[in-house]
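Student: I am new to this structure and would rather understand one part well than skim the whole. Could you take me closely through the pairing of its charged side chains, and then through the elements around them?

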Amino acid sequence: MLFKEEFRSRHTGADLNAIDSMLQTIDAPSIDALIDQTIPASIRLTRPLSLPQAASETEMLAEASALAGMNVQARSFIGMGYYGTITPPTIQRNLLENPGWYTQYTPYQAEIAQGRLESLLNFQTVVMDLTGMEIANASLLDEATAAAEAMHMMVAGMTGARKNAHVLLVDEQVFPQTLNVLRTRAIPLELELRIGPWKEFEFTDDVFGCYVQYPNGSGEVEEYEQLCTRAHEAGCLVTVGTDLLALTLLKPPGEFGADVAVGSAQRFGVPMGFGGPHAAFLATKESYKRLLPGRIIGVSVDASGNTAYRMALQTREQHIRRDKATSNICTAQALLANIAAMYAVYHGPENLKNIATRVHQLTSVLAEGVRGLGYTVESKHWFDTIVIHAQEQTVRPLAEAANINLRYFPGGTKIGVSLDETTTVADVEALFSVFSNAAGNGHSMPNIQALLSTVASSIPTTLLRTSAYLQHPVFNSYHTEHELLRYMKRLENKDLSLVHSMIPLGSCTMKLNAAAEMMPITWPGFGGLHPFIPRSQAKGYLEIFSQLERWLSEITGFDACSLQPNAGAQGEYAGLLCIKRFHEAQGNSHRNVVLIPASAHGTNPASAVMAGMKVVVVKSDAHGHIDMVDLQKQAEAHASDLAALMVTYPSTHGVFEETIKDVCSIVHQYGGRVYMDGANMNAQVGLTSPRTIGADVCHLNLHKTFCIPHGGGGPGMGPICCTTELAPYLPSTSNHIFDASDSSHDVVSAAPWGSASILLISWAYIRMMGADGLTEATRHAILNANYLMNKLSGAYSVLYTGSEGRCAHEFILDFREFKQRGGIEVEDVAKRLMDFGYHAPTVSFPVAGTLMIEPTESESQAELDRFVEAMLTIHAELEAVCSGEADAKDNVLKNAPHSQHVITADAWEHPYTRQQAAFPLPWVRDRKFWPSVSRVDNAYGDRVLVCSCPPVEEYA
């Protein structure tokens, strides 16, 4: 038999010798025996997964290339929030395709995340400067969901007489996909959308705000200052959907009175990717900072008094406030926000304005030219988009024959054309040719060069931008490739990622993101497609979606799948909406109670509230499992209005609860449906399934189990799988392309398949692993976790295990005794791990004062042993403090992490040595990763909130 390279041996960390050694350590005769001791027999799968035979990396890439070739790379002038853009090659190569950037985790551990925090602060500064607002977040999922978040924010901001206002006025000229997401989000919360021309808005007593677009959905640049005045006089708020490139030329929303600005940064260097991922934004006035959804990067100081960055105002977020959170957002779009930020850094204010001016000039040339061909141009004032009165039935065949996509409005008599950074003079000539041939009236072709010298700007002088933007040195210092390359590398070097060491974050599954899986996403055949092109031009994508839907359905045991949710929390929301719609269809719209275990992820209750449901918490028993007595009690008490149970499996305590089938049975008995949070799916694949345990619907975090990288805080994808019973209520992939009139299906993302391009990563992972490889990965994830638990259990208390003393793919260590004995917080341990070159496990979730550890299947025994050695060394340091051998306040734990600045300072007044501080073990010296700052002062950062680039003086 010929040798064939197997990808799974590259993905899985342990070889046969390591497996034997680890099994011996944990006293298990085989992995099969370990799995039998870990997963209840009643929920084990009885057959292998039915998936295609595993492909090698070379074979997978060949298949991907063939599928990319099935997509048509036409010139798309559709617009609607998605535009051609040029990703500077140095940003593509050194950021987007660089594992030092894309394998980072969300920057909760600020001391080893200063690089991406600085870059995200740059992103916020770009948004704040261009929109004219006082504060911005560090990205949202897409423009439509950003608009929906703004709606939530505005209604939450109502006080006094308008506290119970429930109506949002929406201009009829917003993007259809935005309108559909707004509608989906409004209905469960009993909010009403009144849609009509913005000039006819009436701010009656039941209105809390309005939403308009600038330029609007047809490209028209409208003057909204009087609208803002009228809204504010009535006590209402105004949100403006806008375009960052346009705002280099247009008066910013903050200057004409808007309260909130939202939009997408896609055209700042991020490929369209058939819909995403892209970094959206939300900016507002500082007075609304505690209502702002998503993450905010702020400026603080470290223990040495130096400037340091951190995530600010985290008490707003779902992982802390749960059902009272401002939003259910967990994953953002950090990697894409960093690309957009670097695009602005590279181009600077002058070149951004040049790009925008060129786009506007070519659009004006196009408008004059088609007028000269006898057409009526409906648009009066535009930036990059015009609407032409023309017959679709005449123009469309000619355009498609020329490989050109345009926007065709309902009714067939209006055509939209949007230009962008990639548009050339040849493109405009091709457009003239299409419209000339369609007119067939003998008009001579327009002379582009003559028009370029004569056309004037169509933007009214009252709406031209006069204020400066991006004046900070960071946007005016790195305009050559060498300088930008070195800036990006400096930031990258400040951040710990998977290129340095294991990131053992419980419930986050920081596994290998293989290079082969990543390669196709930047191919033009995938990256260059507009999400609203004719389906016939996306056959390659559609085949990938079809295969991935079948594979995920097989893995979960379910019958149907939607790939639309573009984050895990979006998947939760979509799954709950399926259950809600099902109950409504059965005539049970009163069923609105969701039972949620006390140990659940914070996104669960936040998503339930967004879906218009009432949260009832189910207690945990002494073993950390769902309290069956309390579950029965709550189910009986809410029998008439029970909608669902949200459950994570294995539990967030790292255990396969043996009562799970009984849990689901009780919920079904009282008319509810079971939603399974797929955060811990990495312990299920090939061994059990959501369907097998009794769930009705689940979401999957493709950025955990299925290898999409975390990107420093996004992107992610959260597709949902469900039973046939719930399948009719999955999000629509068809109704929000061009027509917002069909509200029969929910739409949870701006694009039909969410962040479509990164679905390629999960497709590639499954394609290369096959059924046996995926199952082996799960088995190794469980083995690695039990090995680590065994090695550490002699020094630390393990909080929860199954009935046979095993954990699932993660486990929890209890550090509360060290606080009682020596005043050492679990945070001190997390910071001390940085001195060993490790990112901390998950801190104080799901239990305060603990660390939750998940090694994943991708780590080798050697890496696991290094982590063990670090943790045992820290244990000795803990005991030294508790026994009084080390000073209670001036010790290696309380002072951690030790930055290079601290270690190399002339003065050293600590009772321990520099060697103990910086090189606590021999191997640390060879692998040393230096935290770039000392411990960051979180309280200071929230008291003195600064969310844009610091003043120039601090750089001096």
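**Charged pairs and their surroundings**

Tutor: A search of the whole structure finds 39 salt bridges, a salt bridge being a side-chain nitrogen of Lys or Arg within 4 Å of a carboxyl oxygen of Asp or Glu. Please keep in mind that this is a predicted model, in which local features need pLDDT of at least 70 and side-chain atom pairs count only at pLDDT 80 or more, while totals for chains, interfaces and linings use all residues. Residues are numbered from 1 along each chain as its sequence is written, and side-chain values use heavy atoms, with hydrogens and water left out. Side chains of opposite charge can pair when their charged atoms come close.

Let us begin with arginine 8, which forms a salt bridge with glutamate 776, their closest N and O atoms being 3.8 Å apart. Arginine 8 belongs to helix 1 (residues 8–11) and glutamate 776 to helix 26 (residues 759–792), so this pair ties together parts that are 768 residues apart in sequence. The helices and strands named here are DSSP runs, numbered from the N terminus (helices are H or I with at least four residues, strands are E with at least two). Glutamate 776 counts as partly exposed because its relative accessibility is 23%; on this scale buried means under 20% relative accessible area, exposed means over 50%, and partly exposed lies in between, with a 1.4 Å probe and protein chains only. The pair also belongs to a network of salt bridges that links Glu6, Arg8 and Glu776.

A second pair joins glutamate 857 to lysine 511, with 2.8 Å between the closest N and O atoms. Glutamate 857 sits in the loop between strand 26 (850–853) and helix 29 (861–883), whereas lysine 511 sits in the loop between helix 17 (481–493) and helix 18 (515–518), so the salt bridge ties together parts that are 346 residues apart in sequence. Glutamate 857 counts as buried, because its relative accessibility is 0%, and lysine 511 is buried too, with a relative accessible area of 2%.

In a third pair, the side chains of aspartate 828 and arginine 935 meet in a salt bridge at 2.7 Å, N to O. Here aspartate 828 lies in helix 28 (residues 826–835) and arginine 935 in the loop between helix 32 (922–927) and helix 33, so parts that are 107 residues apart in sequence are tied together. Both aspartate 828 and arginine 935 are buried.

Strand 26, which precedes the loop of glutamate 857, leads us on to a sheet. Four strands form an open sheet in the order 23-24-26-25, with antiparallel pairing, where two strands pair if DSSP finds at least two bridges between them. Strand 23 (797–798) and strand 25 (842–843) stand at the edges with a single partner strand each, so one side of each is left without a neighbour in the sheet. Strand 25 is joined to strand 26 by two bridges, and these strands run antiparallel, with threonine 842 standing opposite methionine 852 in strand 26.

There is also an open sheet of seven strands in the order 2-8-7-6-5-3-4, and its pairing is mixed. Its edges are strand 2 (135–136) and strand 4 (192–196), each with a single partner strand, so one side of each has no neighbour in the sheet. Strand 2 runs antiparallel to strand 8 (residues 280–284) and is joined to it by two bridges, and alanine 136 stands opposite alanine 283 in strand 8. Strand 5 and strand 6, by contrast, run parallel and are joined by six bridges, with valine 212 opposite valine 240 in strand 6. Strand 6 (residues 237–243) is mostly covered, seven of its seven residues being buried: Leu237, Thr239, Gly241 and Asp243 point one way, Val238, Val240 and Thr242 the other way, and all are buried.

Two further places complete the tour. Helix 22 (residues 603–610) is mostly covered, with seven of its eight residues buried, including Thr603, Pro605 and Met610, and just after helix 22 glycine 612 takes a positive phi of about 80°. Aspartate 906, in the loop between helix 30 (900–903) and helix 31 (914–918), counts as exposed because its relative accessibility is 82%. The C-alpha atoms of aspartate 906 and asparagine 306 are separated by 17 Å, although these residues are 600 residues apart along the chain.
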